[in-house]
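Work through the exercises below with the sequence and the model open. Try each task before reading its solution.

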Amino acid sequence: MLIPLAFTMLFGCNQIEDSKKPIEIHRLVKENLVDAVLSTDASIAVTLGQSRTLSVWDITTRTLLHQWTGDDFDEVNYQLALSGNKQYLITAGKNNISILNLVTGKLDLRWMAQGFNPDASVTSLFLSQTGGTIIVGMSDGSITVIQRSSMTMSLFKQHSAAVNHVELSEVEQQVLSTGLDGQVQIWAINSGEVINSFSRPQRVTSVSFDQVSRRLFIADALDNNAIFDSKTSLNVGKLDYLERYRYFRVALLINNANNLVTATSKKTVIYWNTISGKELYSWNITAFSAGTTVLSMKLKSKGKLLTLSSDGALETWRL
């Protein structure tokens with residue numbers, strides 16, 4: 001009798017909070033998404049549907065601002081990134097990259113990305129605050145940095161496998177990149193010199209960088225997760241996570257890195273205390289199809305979280 005009782009208690013501690021409902025829900029599109037991104041202030045959403053339709057939405061008014069079809073591009077698109085000031089959108093297929101001006105609704109720039117390997121394809125994108133710096137990660141581990149003001153392009157070999165995340169530091173002098181090689185690199189944007197590096201045993205699946213508190217959360221495909229001080233490289237925390245083989249797809253450090261929100265490869269969102277590493281609570285996003293998952297999430301004002309799912313659903317949650 002003791003074994004079933006222990007099992008029941010353990011199961012109860014990991015149950016999803018069924019009572020947690022979204023404050024608000026609105027489905028932008030009724031198709032599955034290839035990619036989607038929310039602006040930092042959670043006011044703009046960009047969706048890329050399986051129909052190849054690319055749409056830009058005003059979240060507050062729920063209105064469509066811009067829309068392009070697959071015929072507007074030379075190649076099928078898979079990747080998206082939005083500038084911090086919400087004035088530029090970058091999208092990429094296997095090699096073709098397009099920069100769209102969201103003020104005019106016109107195409108600003110188009111070119112073909114290349115890595116060191118001639119067969120390399122685009123695997124990640126980033127646009128700076130003003131859209132002046134473009135960072136492109138490739139499947140061969142190379143990363144291209146484009147400065148639009150000077151029209152210069154630099155190519156660096158930072159990883160030994162596909163680059164799945166790139167972003168620019170707040171001062172725009174350093175790049176954070178992660179790859180399927182399990183490596184996380186912080187490096188100088190002008191020279192490619194590695195300033196700091198971290199590693200996980202498996203491919204990195206999620207990363208969140210709180211630049212104010214210098215905290216860096218990293219998790220891999222087998223949930224080997226850790227929180228580092230990005231300056232000293234010290235391991236300052238770890239999540240107390242029992243479930244194996246269910247990796248985190250998206251992560252977001254909030255509240256001066258005292259809390260973390262993660263989204264699993266399925267539909268579960270988990271809210272953490274990073275000081276103790278303990279889960280505070282978890283819940284499921286609303287699913288409109290099988291295999292739904294969170295593609296992007298941002299913190300709104302007054303302790304609210306906005307999630308955008310692969311079903312095109314925007315949901316607001318109270319943390």
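The exercises go from the whole chain to single residues, and the model they use is predicted.

**Exercise 1. Confidence**

Task: State what the average pLDDT of the protein chain is, and find where pLDDT stays under 50.

Solution:
- Step 1. Take the chain average. The protein chain averages a pLDDT of 90.
- Step 2. Check the spread. A score of at least 70 is reached by 93% of the residues.
- Step 3. Look for the weak stretch. Over residues 1-15, pLDDT stays under 50.
- Step 4. Count contacts there. The model has three contacts beyond four places in sequence for residues 1-15.

**Exercise 2. Overall build**

Task: Count the helices and strands in the protein chain, then judge its compactness from the radius of gyration.

Solution:
- Step 1. Count the elements. The protein chain holds one helix and 28 strands.
- Step 2. Compare the radius with the rule. The radius of gyration is 20 Å, and the globule rule gives 20 Å for 319 residues, so the chain is as compact as a globular protein of that length.
- Step 3. Get the dimensions. Along the principal axes, the C-alpha atoms fill a box of roughly 70 × 45 × 35 Å.
- Step 4. Examine the contacts. Of those between residues at least 6 apart in sequence, 40% join residues at least 24 apart.

**Exercise 3. Surface and charge**

Task: Give the buried share of the protein chain, its accessible surface and its charge balance.

Solution:
- Step 1. Start with burial. Buried residues are 52% of the 319.
- Step 2. Turn to the surface. The accessible surface is about 14900 Å². Carbon and sulfur atoms account for 50% of that surface.
- Step 3. Tally the charges. There are 29 positive and 28 negative side chains. The centres of the two sets lie 5 Å apart.

**Exercise 4. Two residues of one loop**

Task: Place Ser-230 and Ser-233, and decide whether each is buried, partly exposed or exposed.

Solution:
- Step 1. Locate Ser-230. Its loop runs between strand S20 (226-229) and strand S21 (235-237).
- Step 2. Locate Ser-233. It also sits in the loop between S20 and S21.
- Step 3. Apply the cut-off. Ser-230 has 6% relative accessibility; buried means under 20%, so Ser-230 is buried. Ser-233 stands at 29%, so it counts as partly exposed.
- Step 4. List partners. Beyond four places in sequence, Ser-230 touches Ile-186, Asn-196, Phe-198, Phe-209 and Arg-214.
- Step 5. Check the backbone. Ser-233 is not a glycine, and its phi is positive, near 70 degrees.

**Exercise 5. Another positive phi**

Task: Find the loop that holds Lys-302, and describe its phi and its exposure.

Solution:
- Step 1. Locate the residue. Lys-302 is in the loop between S26 and strand S27 (304-309).
- Step 2. Read the angle. Phi of Lys-302 is positive, about 60 degrees, although the residue is not a glycine.
- Step 3. Classify. Lys-302 has a relative accessible area of 75%; exposed means over 50%, so Lys-302 is exposed.

**Exercise 6. Serines within strands**

Task: Identify the strands of Ser-177 and Ser-296, and name their contacts.

Solution:
- Step 1. Place Ser-177. It belongs to strand S15 (residues 174-179).
- Step 2. Classify it. A relative accessible area of 0% makes Ser-177 buried.
- Step 3. Name contacts beyond four places in sequence. Those of Ser-177 include Ile-143, His-159, Val-163, Val-184 and Trp-187.
- Step 4. Place Ser-296. It lies in strand S26 (residues 294-299), and is buried at 8% relative accessibility.
- Step 5. Name its contacts on the same terms. Ser-296 meets Ala-36, Val-37, Leu-38, Leu-306, Thr-307 and Leu-308.

**Exercise 7. Buried loop positions**

Task: Say which loops hold Ala-221 and Gly-70, and whether these residues are buried or exposed.

Solution:
- Step 1. Place Ala-221. Its loop links strand S19 (215-220) and S20.
- Step 2. Classify Ala-221. It is buried, at 15% relative accessible area.
- Step 3. List partners. Beyond four places in sequence, Ala-221 touches Gln-202, Arg-203, Thr-205 and Tyr-247.
- Step 4. Place Gly-70. It is in the loop between strand S5 (63-68) and strand S6 (79-82).
- Step 5. Classify Gly-70. With a relative accessible area of 10%, Gly-70 is buried.

How values were computed: Residues numbered from 1 in each chain as written. Predicted model: local features only at pLDDT ≥ 70, side-chain atom pairs only at ≥ 80, totals over all residues. Heavy atoms only, no water. Helix = DSSP H or I, 4+ residues; strand = E, 2+ residues; numbered from the N terminus. Rg over C-alpha atoms; globule rule 2.2 N^0.38 Å. Buried < 20%, exposed > 50% of the residue type's maximum accessible area, 1.4 Å probe, protein only. Contact = heavy atoms within 4.5 Å. Areas by Shrake-Rupley, 256 points an atom, 1.4 Å probe, with all protein chains shown as cover. Lys, Arg positive; Asp, Glu negative; His and termini not counted. Charge placed at Lys NZ, Arg CZ, Asp CG, Glu CD. pLDDT = per-residue confidence, 0-100.
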